[in-house]
Amino acid sequence: MRTAPTILHLDMDAFFASAEQASKPSLRGKAVVVGGLGPRGVVATASYEARVFGVNSAMPMAQARRLAPNAAYLVPRFGFYRSISEQVMGLLRALSPLVEPLSLDEAFVDLEAGGAARDAESARLTGERLRADIRAVTGLTGSVGLAASKMIAKIASERAKPDGLVLIDPGSERALLGPLSVRTLPGVGPATGDHLRRAGITTVDEIAEAGEDELVRLVGKAHGHALYAMALAHDERPVVAERETKSVSVEDTYDVDIHDRIRVGLEVQRLADRCVRRLRSAGLSGRTIVLKVRRYDFSTLTRSETLRGPTDDPGVVREAAARLLDSVDTTGGVRLLGVGVSGLADYTQEDLFAQAAGEQADLLEEEHTEEAGEEQAAPVERRWPAGHDVHHAGFGHGWVQGSGLGRVTVRFETPEDVGPGRVRTFRTDDPELEPAEPLPLVAREVGESPGVALPLEGRGRETRPAEPLPLVALDPGLLPPAAPRDPETRRPGDDPPAERPQVLSSEPASLPKSWSGREGGGATSRP
C-alpha cells in the first residue's frame, strides 16, 4: 500500500448534460436530460437540476419525462463529447505517463509516476491545478479524489461531487469505509447487496466483522476473498496506461419490433458496414464476426464465426454476418441487432474471394443507381435531432429545439452569448438551413496561451487567470453525503418518427450503441 495519496481519480460532473448547458446559454441552470428520446430510450446523463426531480442515468426515458416533464430532452452529440474528453485526457497525460481512462469522463492517474505528488500537500496542489485547468480549457467542472489506492480515490471523487476535491490520508481508509453501505464496494451490485442484507450485512464494517470464511460461504470463494480485502481497504491494483482492445461492435435498438426478414437482413448489412468503419478508424482488423439478436420476448441470441485470418473488408464482414443471421429464428419480431468483430489484430489477411464478391456487389449497386436516373424515389425528409447544431444562412449558428410535421424549430445562440438566443421555425427542407459542427465552449483570442481563458458563462470573450477552487474537508468524519454520481452511461436506442412540433422535443436520429457499456466508450470494449 502506498504511503502517500498519489492516485488521482477524475470524474467530470454530469458530463454530457454539463457540456450541453455550457454550449447553450438558454439551458444554463435548467433541467437537461440527454439520451434516446424514443419509447425504448434511456437516460445517458441528467444535469443536477434534473436529478432534483429524481431523474438519473440509465433510467427509462419515459419515466424521466413523467418525473421532469418540463426538462430539456436532447439527443447525445458523441463526437462533441469525445473532443472535450480528448482535451481533458491531454491535461491528465501532462501530469503523468500512467493515465487509465475508464470512459470519456472518468480516469485514474498515477501522480507518483509523473513526479506530480510526493506527499499530501503536493498531491492537493496538483488536484487544484488540474480542476482549474479543466475549467479554463473546457469550461466544465470535474471532481477529484486523491488517495493511496484506486478504490479509495474513486470513493473520494464521488464524495467530492459536484465540483470538489477530497483527499483521503493514508491510514484513514478504514474510518472512511466502515459506515458506508456494502454497495459502495466495487463489484457489489443489487443481487449481491440483497444477498448480504438477508445475512444481516449492510455496511462495510459488518463485512469485516463477518470474516473471510463467512463471506466465502455466502458469495463464493473468489468474490468472498475480494470483498474481505476491500472491506479492509486493501487494493493493490496499479494504474494501467493502456488497455487492450478486445472487440469493436455496434448495435441499434428499434422503437418498433422488426418483423420483415428482408429488412432485418438490410439492417444487419448496415450495421456490418458501420462496424467496419469503426474497425478501420482504429487501425484494426479481426478474425471473429459476432451477430447479436434480441427478439420480441427479450431473449438474446449471439452467433459467431471465425475466419481464416483477420480482415477489415466490409464485404467479408457483411457476408459472415448474413450467414450468421441465417441460423437465427426472427419469427415474432426483433427489437435489437448488433454486429461486432473480435480477435483483433493490426494487420489483415484478406479473404480475396469474398472481397472480390463484395466489390462486385458494390459495383452492381452503383450501376443500378445510375441506371435508375429519373426513377429514383423522392428524397426523404431531412431529420433534425433535438439539441444538434445547425447553421442558417441568414441567422447564423443555432441548435434544434424540436421538429415534426415538416417544420423544425431552432434557437440561435452560441456558447459565448450572454443570454438566451432568439427562436425561429423553418421548413425541414429549407435550403438555407444545414447541419453544423459544434462550436468550442471556451473562446480564445489569437495568440492566447492555453489555460487562461474563462469558461463561457455569460462573460463573452473576457479572459483572466482562473481563480482557486474550494476544497472539501479532508477529515472522513466531515465528508459531505454522497451526491448522485454519474453511473456507467448506457447508449440509448433509436427514436420514433417525427411528432407534433414542440419545444425541446423532436424526432432524433439513430444513436450509436456500445457493447462495452461505458458512456463514451464507443466502439471498443474493455476487459
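**Note on the predicted model: S47, the β5–β6 hairpin and the chain as a whole**

1. S47 counts as buried, since its relative accessibility is 2%, and the cut-off for that class is under 20% relative accessible area. The structure under discussion is a predicted model, and the values in this note should be read with that in mind.

2. As to its setting, S47 lies in the loop that links β3 (43–46) with α2 (48–51). Once neighbours within four places in sequence are set aside, the residues in contact with S47 are A14, A17, Q21, K30, A31 and V32.

3. Strand β5, which covers residues 99–103, is largely enclosed by the rest of the structure, because 5 of its 5 residues are buried. Its partner is strand β6 (residues 106–110), to which β5 is joined by 4 bridges in an antiparallel arrangement.

4. The connection between these two strands is a hairpin, with 2 residues between β5 and β6. Within this pairing, S103 stands opposite E106 of β6.

5. For the protein chain overall, the assignment gives 14 helices and 17 strands, and 53% of the 527 residues count as buried. Among the contacts with a separation of 6 or more, 66% come from residues 24 or more positions apart.

6. Turning to the surface, the protein chain exposes about 23,600 Å², and 53% of this exposed area is supplied by carbon and sulfur atoms.

How values were computed. Residues are numbered from 1 along each chain as its sequence is written. This is a predicted model: local features need pLDDT of at least 70, side-chain atom pairs count only at pLDDT 80 or more; totals for chains, interfaces and linings use all residues. Side-chain values use heavy atoms; hydrogens and water are left out. Buried means under 20% relative accessible area, exposed over 50%, partly exposed in between (1.4 Å probe, protein chains only). Contact means heavy atoms within 4.5 Å. Accessible areas come from the Shrake-Rupley method with a 1.4 Å probe; for residues, only the protein chains shown count as cover. Two strands pair if DSSP finds at least two bridges between them.
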